[in-house]
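Below is a short report on the fold of one chain. It covers the sheet, the helices packed around it and a few single residues.

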Amino acid sequence: MLPLNFQKKYLTATERNNSLLCIGLDTDERKLPASIQSKDNPVLYFNKSIIDATSDLVCSYKPNYAFYGALGKRGWSTLQATIAHIPKHIPVIVDAKVGDIGNTSSLYAKMFFEGLEADALTVTPYMGEDCVLPFLEYEDRTTFIVCLTSNKGANDFEKSVSDGTPLFERVIKKALEWSVNKNCGLVIGATQPKYFSLVRSLAPDMPLLIPGVGAQGGNPKEVVEHGQDSKGGGILINSSRGIIFASAKEDYAYAARTAAKKLRDELNKYRNYPSLSS
């Protein structure tokens, strides 16, 4: 039996949980509550607690690979076990921002799509088509192309203009060309609100992964109103630290649930509500 593809999982989770919220499992071992530090694997224990407390509130989870790679040899098994604990109808996006020459990208794709069974992956496109296509060969997965990010450094390259067109617009046009199997998405930072309408007009049907709401200061209203597609969806709005580290005490899981529900409900206030599956 073939696994559900990313889009089907996204629609299922969004409709079942009435949610556009993606929770980033950026689990910094140094910030874990003192009450769980003595566990055999405190990161995994923490992640499972967060997932159990929030899995009815999200459209996806997004672990950032760096937080697991930094754990050394136990990091890979911790990430595998974390992904295995996520309910099967909820898509998992591994945020690794990889991208290299073709043969290397093929191994990255195998590593994350087969080794971790990720439903989606973030990929940096700046080495061009041959670095992206190996990921898109996995037709049942989605590759989110890093396009216009939340950090200040986005001004250095992503907004630079050549032949009258900003680089991020050229990335969008290329992503549309590459997405023959409709398995390409875009990463657009929540702190770039004035560009959302433009991005959505250029890519009306592409899913947008939107980090930067919460600790980075992105505005939920602007993100939803200008980022959603014609069906009131198509966006995965990520919050990490603001949810998973809402409390450093023993009530951390309850606090994460409270923060997740508050943000989910706020996002929903600005949605259009035609059926997402129509």
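Buried means under 20% relative accessible area, exposed means over 50%, and partly exposed lies in between (1.4 Å probe, protein chains only). This is a predicted model: local features need pLDDT of at least 70, side-chain atom pairs count only at pLDDT 80 or more, and totals for chains, interfaces and linings use all residues. Residues are numbered from 1 along each chain as its sequence is written, and side-chain values use heavy atoms, with hydrogens and water left out.

**Positive phi**

Glu-117 is exposed, because its relative accessible area is 59%. Two residues that are not glycine have positive phi. The table lists them.

| Residue | Phi | Location | Relative accessible area |
|---|---|---|---|
| Lys-97 | near 50° | strand β3 | 41%, partly exposed |
| Glu-117 | about 60° | loop between α5 (102-115) and β4 | 59%, exposed |

**The sheet**

Helices (H or I, at least four residues) and strands (E, at least two) are DSSP runs, numbered from the N terminus. Two strands pair if DSSP finds at least two bridges between them. The open sheet has 8 strands in the order β2-β1-β10-β9-β8-β5-β4-β3, with parallel pairing. β2 and β3 (93-98) stand at the edges with a single partner strand each, so one side of each has no neighbour in the sheet. From one strand to the next, the twist averages 30°. Angles run from 0 to 180 degrees between N-to-C directions, and axes are lines fitted to C-alpha atoms, for helices over the stretch in contact.

Strand β1 (residues 21-24) pairs on both sides. With β10 it is parallel over 3 bridges. β1 is also joined to β2 by 3 bridges, again running parallel. Cys-22 takes part in both pairings: it stands opposite Asn-238 in β10, and its bridge partner in β2 is Ser-60. Leu-21 and Ile-23 point one way from β1, Cys-22 and Gly-24 point the other way, and all are buried.

Further along, β4 (residues 120-123) pairs with β5 (residues 142-148) in the parallel sense over 4 bridges. Thr-122 stands opposite Phe-144 in β5.

**Helices on the sheet**

Contact means heavy atoms within 4.5 Å. Helix α1 (residues 6-17) packs on the sheet and touches β3, β4, β5 and β10 (235-239). The direction of α1 makes about 70° with that of β10. Helix α7 (residues 167-178) lies across β5 and β8 (184-188), and runs at about 165° to β5.

**Helix α2 against α11**

Two packed helices are described by the angle between their axes and the distance between the axes. For α2 (residues 42-54) and α11 (residues 252-268), the angle is about 45° and the axes are 9 Å apart. That makes α2 oblique to α11 (under 35 degrees is roughly parallel, over 145 roughly antiparallel, 65 to 115 roughly perpendicular, the rest oblique). The contact residues include Tyr-45, Phe-46 and Ile-50 of α2 and Tyr-252, Ala-256 and Arg-257 of α11.

**Cys-59**

Where is Cys-59? Cys-59 lies in the loop between α2 and β2 (60-62). Cys-59 is buried, with a relative accessible area of 0%. Leaving aside neighbours within four places in sequence, its contacts include Tyr-10, Ala-13, Cys-22, Ile-90 and Leu-236. Cys-59 and Ile-90 are 31 residues apart in sequence, yet their C-alpha atoms are 6.4 Å apart in space.
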